[in-house]
Amino acid sequence: MTARPDTTEAPWWKRGVLYQIYPRSFADSNGDGIGDLRGIINRLDHLEWLGVDGIWLSPITVSPNADWGYDVSDYCGVQPDQGTFADVDELIAAARARHIRVLLDLVPNHTSDQHEWFVDSRSSRTARLRDWYVWADPKPDGGAPNNWVSSFGGSAWTLDPRTDQYYLHNHLRSQPDLNWWNEDVRNAFDDILRFWFDRGVAGFRIDVCNIIIKDAELRDNPPATAHDSAEEQLYGQRSVYNGNRPEVHEVIQRWRRIADSYEPPRVLVGETPVEDLAKLVEYHGRANDELHLAFNFPFISAAFEAPAMRKIVEDIESLTPPDAWPAWVGSNHDMSRLATRWANDDPRKIRVALLMLFGLRGTPVIYQGDEIGLGDIAVDPPDLRDPLGVSYWPHYAGRDPMRTPMPWRHEPGGGFTDAGATPWLPFGDLAACNVASQHDDPQSALVLARDLIALRKQTPDLHSGSYESLPSPADVWVWRRGTRFVVAVNLSDRPATLDVTEGRLRIGTNRGRDGELLLGSLTLDAWEGVVTEMAY
Ligand code: GLC
Ligand code: CA
């Protein structure tokens, strides 16, 4: 009898693990100190060995790099220092041969001020593309049209003297926001999605996709209250009108229709910095017709403590519509890395954080370096590249500490670039943390991550099974996956003993315990985590 394909099987992005690449810092193939597409091709062996199913690349499109690719001046071109279209095609094909899909980054909220659309738009009040951006008259006193604050600080409006109107920018002044009420803007992005999908791209991570539509009347934001997020309190206002508008869902539905029209369907992953989890899950769509995956920022920002983490996961479990699917992220190119933020660079905590991420129900999305427990790297002022670090240092060091080059080996150039070359951002301590030295060390974070991914992949309970919190001491978090798997993490400085049914420890952060028989009780050391399989 021949095996029949299982038609009920979940799609790849639910069963698999995604891996974020920050291309400038992943691998440099030509010795200019900047990571590039060919560098990624050269390192696909690592990703295949690790077992990832998809990679998401931060922008590789043309950009003057005011915000390192997140200021796009041509959405359908390849940034020259990244390579060429031939490299993109080769990467997609070479990744596919290893069963790895390639997702790109789409930045629809704003363009670069160098984009030809904005060059036209700002040229006169009657320019053809004037309405593609958000322009508004000064207040009678000459001030900005309303009180909106940029998420990079300062007013979100800049007066353009040429036409004596203000344009809106929720980030840098050189990142003018597009006007998503304009149908031509929507059509232009439909074409951009198709352009890349036609090339074989498996999906997009969509930059700040919750804020692209603004209040049509440009009303003032209300003042922040003590209940609002830290960011809203810092800016003194709640982001009610300059983002998170109900009409954004129509745009995401439109993208989903395009993604679904392809075979295989393409995947939409949203950067959704939404504080309220009930609002966050709305980005999956009422009819599961919007984002496939929505990044959960309250989880990233949570204290690494059992009650806080468990609460967020339980809330997501109860709020997420039945057909939708969560995503779990610990690091990205904007936030302090999980090894530092959650784990305070303590190897025990790093290991238990990785085990937690791969043990939850939902797609784990790891950031390059997470697999080796790479922490934030201090970058000194002369080396700062991120405009936020440049503006706010020393109050805020910016995002360079989480964007330093991938440490492949302890040698000059770090295996990232040529021995004599200067990387665009400095390395940290190459001897202390690098891929090569962990690769064949069965006790390393890297081998732990690889083994957890492999176990998850081969175990339906772990990739697709349900989640259920189990009773535990306060600092310990224990949950069941599917019918037979139980994950337990002790997020405290004290050992803890749990009652467990008969079974076997499959993978522990202390690898010496792998395979241990469990006969009624399980003692976890401080900051120890285990994945166990119950006998029944
Ligand atoms: C997103 C990106 C970030 C960028 C910002 C503006 O938050 O992740 O890197 O600076 O959008 O595009
Ligand atoms: Ca290069």
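**Exercise 1.** In this predicted model, determine how many residue pairs are in polar contact between domain 1 and domain 2, and describe the residues on the domain 1 side.

*Solution.* Begin with the polar contacts: between domain 1 and domain 2 the count is two residue pairs, both at pLDDT 80 or more. Next, sort the residues on the side of domain 1 that touches domain 2, which divide into three nonpolar, one polar and two charged. Finally, look for salt bridges across the interface of domain 1 and domain 2, where the rule finds zero.

**Exercise 2.** Work out where domain 1 and domain 2 lie in the sequence, and what area is buried between them.

*Solution.* First place the parts: domain 1 is made of the segments 12–111, 196–211 and 264–451, while domain 2 covers 116–168, and a further part, domain 3, covers 466–534. Then take the centres over C-alpha atoms, which for domain 1 and domain 2 are separated by 33 Å. At the interface, six residues of domain 1 are in contact with five residues of domain 2. The area buried between the two is about 420 Å², and carbon and sulfur atoms give 62% of it. Of the area that domain 1 buries against domain 2, Thr111, Leu388 and Tyr392 supply 67%, more than any other three residues.

**Exercise 3.** Identify which residues coordinate the calcium ion (ligand 2), and state whether Asp28 and Ile34 are buried or exposed.

*Solution.* Start from the donors, which are Asp28 (OD), Asn30 (OD1), Asp32 (OD), Ile34 (O) and Asp36 (OD), at 2.2 to 2.3 Å from the calcium ion. Reading these donor residues along the sequence gives the spacing D-x1-N-x1-D-x1-I-x1-D. As the last step, consider accessibility: Asp28 and Ile34 are both buried.

How values were computed. Residues numbered from 1 in each chain as written. Chains lettered and ligands numbered in written order. Predicted model: local features only at pLDDT ≥ 70, side-chain atom pairs only at ≥ 80, totals over all residues. Heavy atoms only, no water. Donors = N, O, S within 2.8 Å, 3.2 Å for Na, K, Ca; no water. Buried < 20%, exposed > 50% of the residue type's maximum accessible area, 1.4 Å probe, protein only. Domains from an automatic or database assignment. Contact = heavy atoms within 4.5 Å. Buried area = accessible area lost by both parts, 1.4 Å probe. Salt bridge = Lys/Arg side-chain N within 4 Å of Asp/Glu carboxyl O. Polar contact = N/O pair within 3.5 Å; in protein donor to acceptor, adjacent residues only side chain to side chain. Nonpolar A, V, L, I, M, F, W, Y, C, P; charged D, E, K, R; others polar.
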